[in-house]
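Visitor: Please take one side chain in this structure and look at it closely. Then work outwards from there to the rest of the fold, the ligand included.

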Amino acid sequence: MQNDTFLRALRREPTDYTPVWLMRQAGRYLPEYTRTRARAGSFMTLAQTPDLATEVTLQPLERYPLDAAILFSDILTVPDAMGLGLSFAEGEGPRFERTLRDDAAVASLDVPDMEKLRYVFDAVSSIKRALAGRVPLIGFAGSPFTLACYMIEGGGSEDYATVRTMAAARPDLLARIVDVNARAVAAYLREQIAAGADAVMIFDTWGGMLTAAAYRRYSLASMRAVLGALAADTATRAVPTIVFTKGGGGWLDEIAACGAAGVGLDWTVDLAQARARVGARVALQGNLDPLVLLTDPETVAREAIAVVEAAGPAPGHIFNLGHGIVPRTPPDNVAALVEAVHRASRRAR
Ligand code: CP3
(Lines give C-alpha, C1' and ligand atoms only; values in the text may rest on other atoms or scores of the structure.)
Protein backbone atom coordinates (compact mmCIF):
# COMPACT_ATOMS: atom_id res chain seq x y z
CA MET A 1 0.00 0.00 0.00
CA GLN A 2 1.54 3.30 -1.09
CA ASN A 3 -0.49 5.37 1.38
CA ASP A 4 -1.68 3.46 4.45
CA THR A 5 -2.14 6.56 6.66
CA PHE A 6 -5.87 5.87 7.05
CA LEU A 7 -5.28 2.28 8.23
CA ARG A 8 -2.53 3.37 10.60
CA ALA A 9 -4.75 6.05 12.16
CA LEU A 10 -7.56 3.50 12.51
CA ARG A 11 -5.15 1.29 14.46
CA ARG A 12 -4.16 4.39 16.53
CA GLU A 13 -0.57 4.27 15.30
CA PRO A 14 1.37 7.51 14.79
CA THR A 15 1.01 9.11 11.33
CA ASP A 16 2.78 12.01 9.60
CA TYR A 17 -0.54 13.84 9.19
CA THR A 18 -4.27 13.33 9.76
CA PRO A 19 -5.82 11.17 7.03
CA VAL A 20 -9.02 12.43 5.43
CA TRP A 21 -11.88 10.92 3.46
CA LEU A 22 -15.46 12.18 3.21
CA MET A 23 -18.77 10.41 3.50
CA ARG A 24 -20.46 10.54 0.06
CA GLN A 25 -17.20 11.71 -1.49
CA ALA A 26 -18.42 10.24 -4.79
CA GLY A 27 -21.74 11.89 -5.55
CA ARG A 28 -23.83 14.59 -7.10
CA TYR A 29 -21.66 17.59 -6.09
CA LEU A 30 -19.18 16.35 -8.73
CA PRO A 31 -20.17 17.17 -12.34
CA GLU A 32 -18.31 14.09 -13.57
CA TYR A 33 -20.48 11.93 -11.27
CA THR A 34 -23.65 13.47 -12.68
CA ARG A 35 -22.42 12.72 -16.20
CA THR A 36 -21.61 9.08 -15.44
CA ARG A 37 -24.95 8.66 -13.68
CA ALA A 38 -26.77 10.08 -16.72
CA ARG A 39 -24.87 7.62 -18.92
CA ALA A 40 -25.91 4.76 -16.61
CA GLY A 41 -29.56 5.88 -16.69
CA SER A 42 -30.23 5.24 -13.00
CA PHE A 43 -28.49 5.05 -9.66
CA MET A 44 -29.12 1.29 -9.39
CA THR A 45 -27.59 0.60 -12.83
CA LEU A 46 -24.58 2.64 -11.78
CA ALA A 47 -24.22 0.63 -8.58
CA GLN A 48 -24.83 -2.71 -10.35
CA THR A 49 -22.29 -2.19 -13.15
CA PRO A 50 -18.80 -2.81 -11.69
CA ASP A 51 -16.99 -0.75 -14.38
CA LEU A 52 -19.21 2.28 -13.69
CA ALA A 53 -19.07 1.82 -9.91
CA THR A 54 -15.27 1.75 -10.24
CA GLU A 55 -15.25 4.91 -12.37
CA VAL A 56 -17.30 6.93 -9.86
CA THR A 57 -15.41 5.56 -6.84
CA LEU A 58 -12.18 6.91 -8.32
CA GLN A 59 -13.55 10.31 -9.43
CA PRO A 60 -12.97 12.12 -6.09
CA LEU A 61 -9.47 10.57 -5.85
CA GLU A 62 -8.54 12.05 -9.23
CA ARG A 63 -9.44 15.52 -7.94
CA TYR A 64 -8.25 15.43 -4.33
CA PRO A 65 -5.40 13.73 -2.40
CA LEU A 66 -7.85 11.74 -0.25
CA ASP A 67 -6.43 9.03 2.00
CA ALA A 68 -9.10 6.38 1.37
CA ALA A 69 -11.59 5.30 -1.27
CA ILE A 70 -15.08 4.09 -0.34
CA LEU A 71 -16.95 1.51 -2.37
CA PHE A 72 -19.63 3.16 -4.49
CA SER A 73 -22.83 1.33 -3.64
CA ASP A 74 -25.70 1.79 -1.20
CA ILE A 75 -26.76 0.32 2.13
CA LEU A 76 -30.13 -0.72 0.65
CA THR A 77 -28.64 -3.37 -1.68
CA VAL A 78 -29.11 -5.91 1.17
CA PRO A 79 -32.89 -5.50 1.64
CA ASP A 80 -33.19 -5.38 -2.16
CA ALA A 81 -31.51 -8.81 -2.30
CA MET A 82 -34.02 -9.96 0.37
CA GLY A 83 -36.74 -9.38 -2.26
CA LEU A 84 -38.21 -6.07 -1.09
CA GLY A 85 -37.92 -4.41 -4.52
CA LEU A 86 -35.77 -1.26 -4.28
CA SER A 87 -36.07 1.72 -6.61
CA PHE A 88 -34.79 5.30 -6.60
CA ALA A 89 -37.21 7.69 -8.28
CA GLU A 90 -35.55 10.74 -9.87
CA GLY A 91 -35.13 13.51 -7.29
CA GLU A 92 -36.63 11.39 -4.48
CA GLY A 93 -35.29 9.03 -1.88
CA PRO A 94 -35.34 5.23 -1.96
CA ARG A 95 -38.62 3.24 -2.21
CA PHE A 96 -39.40 -0.39 -1.47
CA GLU A 97 -42.30 -2.18 -3.20
CA ARG A 98 -42.89 -4.37 -0.16
CA THR A 99 -42.70 -3.42 3.54
CA LEU A 100 -42.33 -5.47 6.72
CA ARG A 101 -45.16 -4.63 9.06
CA ASP A 102 -47.03 -7.81 9.97
CA ASP A 103 -46.27 -11.27 11.33
CA ALA A 104 -46.39 -12.99 7.95
CA ALA A 105 -44.01 -10.56 6.22
CA VAL A 106 -41.54 -10.65 9.11
CA ALA A 107 -41.68 -14.45 9.40
CA SER A 108 -40.81 -14.87 5.72
CA LEU A 109 -37.69 -12.67 5.96
CA ASP A 110 -34.39 -14.48 5.53
CA VAL A 111 -30.67 -13.88 4.93
CA PRO A 112 -30.32 -13.50 1.14
CA ASP A 113 -28.14 -15.67 -1.05
CA MET A 114 -24.92 -13.62 -1.31
CA GLU A 115 -24.76 -14.48 -5.04
CA LYS A 116 -27.55 -11.88 -5.52
CA LEU A 117 -25.04 -9.30 -4.30
CA ARG A 118 -22.21 -10.56 -6.49
CA TYR A 119 -22.25 -7.20 -8.37
CA VAL A 120 -21.12 -5.48 -5.15
CA PHE A 121 -18.25 -7.91 -4.56
CA ASP A 122 -17.28 -7.65 -8.24
CA ALA A 123 -17.20 -3.87 -7.84
CA VAL A 124 -14.90 -4.25 -4.81
CA SER A 125 -12.45 -6.42 -6.79
CA SER A 126 -12.60 -4.08 -9.76
CA ILE A 127 -11.98 -0.98 -7.59
CA LYS A 128 -9.07 -2.72 -5.84
CA ARG A 129 -7.48 -3.46 -9.21
CA ALA A 130 -7.97 0.14 -10.37
CA LEU A 131 -6.57 1.59 -7.13
CA ALA A 132 -3.43 -0.53 -7.53
CA GLY A 133 -2.47 0.06 -3.90
CA ARG A 134 -2.73 3.88 -3.97
CA VAL A 135 -4.96 4.10 -0.88
CA PRO A 136 -7.07 1.63 1.12
CA LEU A 137 -10.62 0.76 0.07
CA ILE A 138 -13.43 1.00 2.64
CA GLY A 139 -16.34 -1.42 2.30
CA PHE A 140 -19.59 -0.73 4.11
CA ALA A 141 -23.06 -1.83 5.11
CA GLY A 142 -26.06 -0.27 6.83
CA SER A 143 -26.57 -1.16 10.46
CA PRO A 144 -29.17 -3.88 11.05
CA PHE A 145 -31.44 -1.29 12.68
CA THR A 146 -31.05 1.40 9.99
CA LEU A 147 -31.85 -1.18 7.31
CA ALA A 148 -34.91 -2.20 9.36
CA CYS A 149 -36.09 1.44 9.31
CA TYR A 150 -36.27 1.49 5.51
CA MET A 151 -37.68 -2.06 5.33
CA ILE A 152 -40.51 -1.26 7.76
CA GLU A 153 -41.40 2.21 6.45
CA GLY A 154 -40.84 1.34 2.77
CA GLY A 155 -38.56 4.40 2.37
CA GLY A 156 -37.27 7.39 4.29
CA SER A 157 -39.55 8.96 6.86
CA GLU A 158 -39.85 12.20 8.80
CA ASP A 159 -40.27 10.52 12.20
CA TYR A 160 -40.11 6.73 11.56
CA ALA A 161 -43.42 6.44 13.41
CA THR A 162 -44.09 2.85 12.29
CA VAL A 163 -40.66 1.74 13.52
CA ARG A 164 -40.93 3.52 16.87
CA THR A 165 -44.43 2.23 17.56
CA MET A 166 -43.30 -1.28 16.59
CA ALA A 167 -40.38 -1.00 19.06
CA ALA A 168 -42.91 -0.34 21.83
CA ALA A 169 -45.88 -2.53 20.79
CA ARG A 170 -44.28 -5.44 18.88
CA PRO A 171 -40.68 -5.75 20.11
CA ASP A 172 -40.71 -9.39 18.94
CA LEU A 173 -41.18 -8.31 15.30
CA LEU A 174 -38.45 -5.66 15.40
CA ALA A 175 -36.09 -8.06 17.21
CA ARG A 176 -36.57 -10.69 14.48
CA ILE A 177 -35.92 -8.16 11.68
CA VAL A 178 -32.68 -6.85 13.21
CA ASP A 179 -31.54 -10.40 13.97
CA VAL A 180 -31.95 -11.51 10.33
CA ASN A 181 -30.33 -8.24 9.19
CA ALA A 182 -27.34 -8.76 11.50
CA ARG A 183 -26.67 -12.18 9.97
CA ALA A 184 -27.09 -10.74 6.46
CA VAL A 185 -24.79 -7.77 7.15
CA ALA A 186 -22.09 -10.04 8.63
CA ALA A 187 -22.18 -12.27 5.54
CA TYR A 188 -22.21 -9.21 3.26
CA LEU A 189 -19.18 -7.60 4.92
CA ARG A 190 -17.35 -10.95 4.97
CA GLU A 191 -17.75 -11.14 1.16
CA GLN A 192 -16.60 -7.53 0.69
CA ILE A 193 -13.49 -8.37 2.72
CA ALA A 194 -12.92 -11.54 0.69
CA ALA A 195 -13.09 -9.37 -2.46
CA GLY A 196 -10.45 -6.98 -1.07
CA ALA A 197 -11.96 -4.35 1.24
CA ASP A 198 -9.21 -3.07 3.59
CA ALA A 199 -11.60 -1.77 6.28
CA VAL A 200 -15.37 -1.86 6.74
CA MET A 201 -17.80 0.70 8.14
CA ILE A 202 -21.32 0.24 9.51
CA PHE A 203 -23.62 3.22 8.86
CA ASP A 204 -26.23 3.55 11.62
CA THR A 205 -27.96 6.64 10.30
CA TRP A 206 -31.15 6.30 12.37
CA GLY A 207 -30.11 4.64 15.67
CA GLY A 208 -29.87 8.10 17.25
CA MET A 209 -33.65 8.63 17.18
CA LEU A 210 -34.30 5.74 19.57
CA THR A 211 -34.66 5.78 23.36
CA ALA A 212 -31.43 4.75 25.07
CA ALA A 213 -32.93 1.37 25.96
CA ALA A 214 -34.20 0.72 22.43
CA TYR A 215 -30.87 1.85 20.96
CA ARG A 216 -29.02 -0.70 23.11
CA ARG A 217 -31.44 -3.48 22.29
CA TYR A 218 -32.08 -2.98 18.56
CA SER A 219 -29.15 -1.05 17.19
CA LEU A 220 -26.04 -1.43 19.33
CA ALA A 221 -26.56 -5.13 20.16
CA SER A 222 -27.04 -6.01 16.50
CA MET A 223 -23.91 -4.07 15.45
CA ARG A 224 -22.03 -5.88 18.22
CA ALA A 225 -23.29 -9.17 16.78
CA VAL A 226 -21.97 -8.24 13.33
CA LEU A 227 -18.58 -7.20 14.71
CA GLY A 228 -18.44 -10.33 16.86
CA ALA A 229 -19.04 -12.52 13.81
CA LEU A 230 -16.22 -10.76 11.91
CA ALA A 231 -13.87 -11.01 14.92
CA ALA A 232 -14.58 -14.73 15.30
CA ASP A 233 -13.66 -15.52 11.70
CA THR A 234 -9.96 -15.91 10.85
CA ALA A 235 -10.66 -14.61 7.33
CA THR A 236 -12.01 -11.27 8.60
CA ARG A 237 -10.67 -10.62 12.13
CA ALA A 238 -7.63 -8.58 10.98
CA VAL A 239 -9.73 -6.07 9.02
CA PRO A 240 -10.46 -2.91 11.06
CA THR A 241 -14.06 -1.76 11.51
CA ILE A 242 -15.78 1.59 12.07
CA VAL A 243 -19.25 2.17 13.49
CA PHE A 244 -21.12 5.44 12.99
CA THR A 245 -24.35 6.13 14.84
CA LYS A 246 -25.60 9.55 13.79
CA GLY A 247 -27.00 11.16 16.93
CA GLY A 248 -25.18 8.64 19.14
CA GLY A 249 -22.95 11.14 20.99
CA GLY A 250 -24.75 10.58 24.29
CA TRP A 251 -23.92 6.87 24.21
CA LEU A 252 -20.27 7.24 23.21
CA ASP A 253 -18.88 5.09 26.04
CA GLU A 254 -21.08 2.14 25.13
CA ILE A 255 -20.42 2.56 21.41
CA ALA A 256 -16.66 2.72 22.02
CA ALA A 257 -16.91 -0.66 23.78
CA CYS A 258 -18.81 -2.42 20.96
CA GLY A 259 -15.75 -3.99 19.36
CA ALA A 260 -15.07 -1.57 16.49
CA ALA A 261 -11.59 -0.10 15.94
CA GLY A 262 -13.05 3.31 15.16
CA VAL A 263 -16.14 5.34 16.03
CA GLY A 264 -17.65 7.92 13.70
CA LEU A 265 -18.97 11.14 15.26
CA ASP A 266 -21.56 13.54 13.90
CA TRP A 267 -20.96 17.30 14.03
CA THR A 268 -22.89 17.84 17.28
CA VAL A 269 -20.21 16.03 19.31
CA ASP A 270 -17.34 17.92 21.00
CA LEU A 271 -14.36 16.04 19.60
CA ALA A 272 -11.97 17.02 22.44
CA GLN A 273 -14.46 15.80 25.06
CA ALA A 274 -15.05 12.64 23.05
CA ARG A 275 -11.32 11.89 23.04
CA ALA A 276 -11.11 12.52 26.78
CA ARG A 277 -14.01 10.12 27.34
CA VAL A 278 -12.83 7.20 25.20
CA GLY A 279 -9.10 7.59 25.93
CA ALA A 280 -6.98 5.29 23.78
CA ARG A 281 -9.71 2.66 23.29
CA VAL A 282 -10.74 3.57 19.75
CA ALA A 283 -9.92 5.78 16.80
CA LEU A 284 -12.35 8.67 16.24
CA GLN A 285 -13.63 9.68 12.82
CA GLY A 286 -15.25 13.03 12.07
CA ASN A 287 -16.74 15.52 12.46
CA LEU A 288 -16.99 18.77 10.47
CA ASP A 289 -20.54 19.98 9.85
CA PRO A 290 -21.09 19.14 6.15
CA LEU A 291 -22.87 22.46 5.63
CA VAL A 292 -19.61 24.33 6.33
CA LEU A 293 -18.69 23.15 2.81
CA LEU A 294 -21.36 25.52 1.46
CA THR A 295 -19.33 28.58 2.56
CA ASP A 296 -16.01 29.67 0.99
CA PRO A 297 -12.48 28.16 0.91
CA GLU A 298 -11.13 30.37 3.76
CA THR A 299 -14.01 29.53 6.09
CA VAL A 300 -13.77 25.85 5.19
CA ALA A 301 -10.03 25.81 5.96
CA ARG A 302 -10.51 27.61 9.29
CA GLU A 303 -13.32 25.31 10.44
CA ALA A 304 -11.44 22.20 9.30
CA ILE A 305 -8.34 23.25 11.26
CA ALA A 306 -10.53 23.76 14.35
CA VAL A 307 -11.60 20.09 14.03
CA VAL A 308 -7.97 18.96 13.67
CA GLU A 309 -7.06 20.96 16.80
CA ALA A 310 -10.04 19.61 18.77
CA ALA A 311 -8.90 16.07 17.97
CA GLY A 312 -5.64 16.83 19.77
CA PRO A 313 -2.18 15.33 19.39
CA ALA A 314 -3.08 11.75 20.36
CA PRO A 315 -2.93 9.30 17.45
CA GLY A 316 -6.17 7.88 16.09
CA HIS A 317 -8.05 10.70 14.39
CA ILE A 318 -9.46 10.26 10.91
CA PHE A 319 -10.83 13.50 9.51
CA ASN A 320 -14.31 13.27 7.99
CA LEU A 321 -17.57 15.17 7.92
CA GLY A 322 -20.24 14.62 10.56
CA HIS A 323 -22.50 13.22 7.80
CA GLY A 324 -22.50 13.01 3.99
CA ILE A 325 -21.50 15.81 1.61
CA VAL A 326 -24.58 17.65 0.37
CA PRO A 327 -25.14 17.83 -3.42
CA ARG A 328 -24.79 21.62 -3.70
CA THR A 329 -21.23 21.62 -2.26
CA PRO A 330 -18.79 23.56 -4.52
CA PRO A 331 -15.97 21.13 -5.49
CA ASP A 332 -13.29 23.81 -4.84
CA ASN A 333 -14.29 23.92 -1.17
CA VAL A 334 -13.50 20.21 -0.89
CA ALA A 335 -10.02 20.89 -2.29
CA ALA A 336 -9.52 23.60 0.36
CA LEU A 337 -10.67 21.20 3.07
CA VAL A 338 -8.30 18.36 2.19
CA GLU A 339 -5.37 20.75 1.79
CA ALA A 340 -6.04 22.45 5.16
CA VAL A 341 -6.35 19.16 7.07
CA HIS A 342 -3.12 17.79 5.61
CA ARG A 343 -1.15 21.01 6.09
CA ALA A 344 -2.34 21.87 9.61
CA SER A 345 -1.94 18.34 10.94
CA ARG A 346 1.55 17.94 9.43
CA ARG A 347 2.63 21.17 11.08
CA ALA A 348 1.23 20.07 14.47
CA ARG A 349 3.17 16.75 14.47
O1 CP3 B 1 -19.85 7.66 0.68
C2 CP3 B 1 -19.73 7.30 -0.52
O3 CP3 B 1 -19.20 8.04 -1.38
C4 CP3 B 1 -20.14 5.89 -0.93
C5 CP3 B 1 -21.44 5.73 -1.45
C6 CP3 B 1 -22.68 5.68 -0.56
C7 CP3 B 1 -23.96 5.96 -1.10
N8 CP3 B 1 -24.89 5.71 -0.14
C9 CP3 B 1 -24.21 6.40 -2.47
C10 CP3 B 1 -25.51 7.04 -2.80
C11 CP3 B 1 -22.86 5.32 0.77
C12 CP3 B 1 -21.81 4.97 1.82
C13 CP3 B 1 -24.26 5.33 1.03
C14 CP3 B 1 -24.87 4.94 2.32
C15 CP3 B 1 -26.28 5.23 2.58
N16 CP3 B 1 -27.34 5.14 1.73
C17 CP3 B 1 -26.79 5.58 3.86
C18 CP3 B 1 -25.98 5.68 5.12
C19 CP3 B 1 -25.21 6.92 5.21
C20 CP3 B 1 -26.03 8.16 5.33
O21 CP3 B 1 -25.98 8.98 4.40
O22 CP3 B 1 -26.68 8.33 6.36
C23 CP3 B 1 -28.18 5.74 3.73
C24 CP3 B 1 -29.16 6.12 4.82
C25 CP3 B 1 -28.51 5.45 2.38
C26 CP3 B 1 -29.88 5.41 1.78
C27 CP3 B 1 -29.99 6.32 0.64
N28 CP3 B 1 -29.37 6.15 -0.57
C29 CP3 B 1 -30.77 7.49 0.55
C30 CP3 B 1 -31.60 8.06 1.70
C31 CP3 B 1 -30.60 8.01 -0.73
C32 CP3 B 1 -31.31 9.19 -1.34
C33 CP3 B 1 -30.87 10.47 -0.75
C34 CP3 B 1 -29.78 11.08 -1.58
O35 CP3 B 1 -28.78 11.54 -1.02
O36 CP3 B 1 -29.99 11.12 -2.80
C37 CP3 B 1 -29.68 7.18 -1.41
C38 CP3 B 1 -29.18 7.35 -2.80
C39 CP3 B 1 -27.70 7.47 -2.96
N40 CP3 B 1 -26.76 6.65 -2.40
C41 CP3 B 1 -27.03 8.42 -3.77
C42 CP3 B 1 -25.66 8.16 -3.67
C43 CP3 B 1 -24.54 8.88 -4.38
C44 CP3 B 1 -27.70 9.48 -4.63
C45 CP3 B 1 -28.30 8.80 -5.82
C46 CP3 B 1 -28.28 9.66 -7.05
O47 CP3 B 1 -27.24 9.72 -7.71
O48 CP3 B 1 -29.33 10.24 -7.34
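Guide: Take W206, which counts as partly exposed because its relative accessibility is 23%, and the cut-off for buried is under 20%. The model is predicted, and every value below is computed from it. W206 sits in the loop between strand 5 (199–204) and helix 11 (212–231). The structure holds eight aromatic pairs. In one of them W206 is paired with Y160, with 5.0 Å between the ring centres and 40° between the planes, a tilted arrangement. Y160 belongs to the loop between helix 8 (144–153) and helix 9 (161–169), so this pair ties together parts that are 46 residues apart in sequence. The partner ring has little accessible area: Y160 has 2% relative accessibility and counts as buried.

A second pair involves Y215 and W251. Their ring centres are 4.2 Å apart and their planes meet at 15°, so this pair is stacked. It too links distant parts of the chain: Y215 is in helix 11, while W251 is in the loop between strand 6 (241–245) and helix 12 (252–256), 36 residues away. Both members are buried, Y215 at 1% relative accessibility and W251 at 14%.

Next to W206 in sequence is T205, which leads to the ligand. An N or O atom in the T205 side chain is 2.7 Å from a ligand oxygen atom. Two other side chains make similar approaches: R28 places a polar atom 2.6 Å from a ligand oxygen, and H323 also has a polar side-chain atom 2.6 Å from an oxygen of the ligand. On its own the ligand has 870 Å² of accessible area, and the protein covers 88% of that. There are 21 residues around the ligand, of which R24, R28, Y33, R37 and H323 come nearest.

Y33 leads on to other parts of the structure. Ring pairs connect Y33 with F43, F72 and F88 in a cluster. Y33 is also one of the contacts of Q59, along with L30, E32 and T36, once neighbours within four places in sequence are left aside. Q59 lies in helix 4 and is buried at 9% relative accessibility. Its side chain reaches the backbone oxygen of E32 at 3.2 Å.

Helix 4 covers residues 50–63. At 1.5 Å a residue its 14 residues should span 20 Å, and the C-alpha atoms at its ends are 21 Å apart, which agrees. Besides Q59, the buried residues of helix 4 are L52, A53, T54, V56, T57, L58, P60 and L61. Their cover includes helix 2 (31–40), helix 3 (43–48), strand 1 (69–70) and helix 7 (118–131).

Three further residues can be described in the same way. N3 lies in the segment before helix 1 (5–10) and is buried, with a relative accessible area of 16%. Its side chain makes a polar contact of 2.9 Å with the side chain of D67 and another of 3.4 Å with that of Y17. Not counting residues up to four places away in sequence, N3 touches Y17 and D67 as well as G133, R134, V135 and P136.

D103 is in helix 6 (residues 103–107) and counts as partly exposed at 43% relative accessibility. The side chains of D103 and R170 make a polar contact at 2.8 Å. Apart from residues up to four places away in sequence, D103 touches R170 and L173. The C-alpha atoms of D103 and D172 are 9.6 Å apart, with their positions 69 residues apart in sequence.

S87, in strand 2 (residues 86–88), is partly exposed with a relative accessible area of 36%. Its contacts, neighbours within four places in sequence left aside, are G93, P94 and R95. S87 and V178 are 91 residues apart along the chain, and 22 Å separates their C-alpha atoms.

Notes
Residues are numbered from 1 along each chain as its sequence is written. This is a predicted model: local features need pLDDT of at least 70, side-chain atom pairs count only at pLDDT 80 or more; totals for chains, interfaces and linings use all residues. Side-chain values use heavy atoms; hydrogens and water are left out. Rings of Phe, Tyr and Trp (its six-membered ring) pair if their centres lie within 6.5 Å; planes under 30 degrees apart count as stacked, over 60 as edge-to-face and the rest as tilted. Helices (H or I, at least four residues) and strands (E, at least two) are DSSP runs, numbered from the N terminus. Buried means under 20% relative accessible area, exposed over 50%, partly exposed in between (1.4 Å probe, protein chains only). The expected span of a helix is 1.5 Å times one less than its number of residues. Contact means heavy atoms within 4.5 Å. A residue is near a molecule or strand if one of its heavy atoms lies within 4 Å of it. A polar contact is a pair of N or O atoms within 3.5 Å; within protein, one must be able to donate a hydrogen and the other to accept it, and residues adjacent in sequence count only if both atoms are side-chain atoms. Accessible areas come from the Shrake-Rupley method with a 1.4 Å probe; for residues, only the protein chains shown count as cover.
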